[in-house]
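Reader: I am new to this structure and would be grateful for a close look at a single part of it. Please choose one strand and explain how it is placed among its surroundings, following the connections outward from there.

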Amino acid sequence: MSTSASAGSASSGADVRGTVTDRLVDANQRYAAAFTDPGMDARPVLGVAVVACMDARLDLHAALGLDLGDCHTVRNAGGVVTDDVIRSLTISQRALGTRSVVLIHHTGCGLESLTEDFRHELEMEVGQRPTWAVEAFRDVDQDVRQSMQKVRTSPFLLHTDDVRGFVFDVRTGLLREIDAA
């Protein structure tokens with residue numbers, strides 16, 4: 001299986017001594033050279049916002065058959081619904097017209113192996129406790145249900161009737177829908 005890491009800079013002719021950020025900037029230069037303005041605005045064509053984990057194994061556009069401009073994508077560790085996710089969804093709905101929300105967690109998530117002790121360990125290391133919660137969980141299905149409930153009960157969101165949650169299997173690429181009950 002080839003990944004961008006395994007494809008490496010040797011095949012692209014980039015300087016192998018550069019940083020990963022240098023490699024990304026170089027890739028952007030190549031991208032921009034062939035770029036043409038798609039003529040879109042910020043409103044997603046499909047009127048949907050997808051909230052998902054930041055895990056690098058999730059290629060959301062490919063997995064969901066999405067094209068550029070189809071959706072808003074909000075990603076964080078675990079794909080959990082935090083205050084900042086509600087903020088993004090509120091802007092997505094109220095200012096940019098989305099009406100549907102899709103929540104995607106996945107198998108083998110790193111948050112399943114963490115606890116809130118992570119915050120305490122950080123406090124011991126740096127002398128300050130983070131103000132944010134880790135949002136760790138043990139049961140991915142239950143966490144999807146909890147995330148759906150947070151979206152459905154937010155007073156800031158206009159459209160909460162089309163909120164669906166899924167678990168993406170990182171080994172098969174399949175989504176499994178989670179019943180809200």
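**Strand E4 and its surroundings**

Author: Strand E4 is mostly covered, since five of its six residues are buried. The model in which this strand is seen is a predicted one. E4 spans residues 163–168, and the account below begins with its partners before turning to single residues.

On one side, E4 is joined to strand E3 by six bridges, and the two strands run parallel. Within this pairing, isoleucine 104 stands opposite phenylalanine 166 of E4. E4 is also joined to strand E5, residues 175–178, by four bridges, but here the strands run antiparallel. Phenylalanine 166 has a counterpart in this pairing as well, for it stands opposite glutamate 177 in E5. Phenylalanine 168 stands opposite leucine 175 in E5. Six residues lie between E4 and E5, and the two strands form a hairpin. Glycine 173, in the turn of that hairpin, has a positive phi of about 80°.

Glycine 165 offers a good point from which to look outward from the strand. This residue is in E4, and it counts as buried because its relative accessibility is 0%, which falls under the limit of 20%. Leaving out residues up to four places away in sequence, glycine 165 touches Leu103, Val144 and Met148, and also Arg176, Glu177 and Ile178. Arg176, Glu177 and Ile178 fall within the range 175–178 of E5. A link to a more distant part of the chain can be given as a distance: 24 residues separate glycine 165 from aspartate 141 along the chain, while their C-alpha atoms are 8.9 Å apart.

One of the residues touched by glycine 165, Leu103, leads into the nonpolar interior. In soluble globular proteins, nonpolar side chains tend to be buried together. The largest nonpolar core here has 23 residues, and Leu89, Leu103 and Val151 are those with the most contacts inside it. Two or more residues of this core come from each of these elements: strand E1 (48–53), helix H4 (83–96), strand E3 (100–106), helix H6 (140–152) and E4 itself. H6 supplies the largest share, namely four residues.

The contacts of leucine 103 show several of these elements meeting. Setting aside neighbours within four places in sequence, leucine 103 is in contact with Val163, Arg164, Gly165 and Phe166, and also with Val144, Ser147, Met148 and Val151. Val51 and Val81 complete the list. Apart from the largest core there is a second, separate one of 11 residues, which includes Ala52, Leu60, Ile104 and Phe166. Two of the residues named there, Ile104 and Phe166, are the ones that stand opposite each other across the pairing of E3 and E4.

What joins the side chains of serine 100 and aspartate 162? A polar contact of 2.5 Å does so. Serine 100 is found in strand E3, and its relative accessible area of 17% is under the limit of 20%, so it is buried. Besides Asp162, serine 100 is in contact with Gly47, Val48 and Ala49, when neighbours within four places in sequence are left aside.

E1, which gives residues to the largest core, ends at residue 53, and this position brings in a cysteine. How many disulfides are there? The count comes to zero. The sulfur of cysteine 53 has its closest cysteine sulfur in cysteine 109, at 4.2 Å; a disulfide calls for sulfur atoms within 2.5 Å, so this is too far for a bond. Cysteine 53 is buried, with a relative accessible area of 4%, and cysteine 109 is buried with 6%.

A last point concerns the approach to H6. Glutamate 135 lies in the loop between helix H5 (117–126) and H6. It is not a glycine, yet glutamate 135 has a positive phi of about 65°. With a relative accessible area of 21%, glutamate 135 is partly exposed, because this value is not under the 20% limit for buried residues and not over the 50% limit for exposed ones.

Definitions and conventions. Residues numbered from 1 in each chain as written. Predicted model: local features only at pLDDT ≥ 70, side-chain atom pairs only at ≥ 80, totals over all residues. Heavy atoms only, no water. Pairing = 2+ DSSP bridges. Core = buried A, V, L, I, M, F, W, Y, C linked by side-chain atoms within 4.5 Å. Buried < 20%, exposed > 50% of the residue type's maximum accessible area, 1.4 Å probe, protein only. Contact = heavy atoms within 4.5 Å. Polar contact = N/O pair within 3.5 Å; in protein donor to acceptor, adjacent residues only side chain to side chain.
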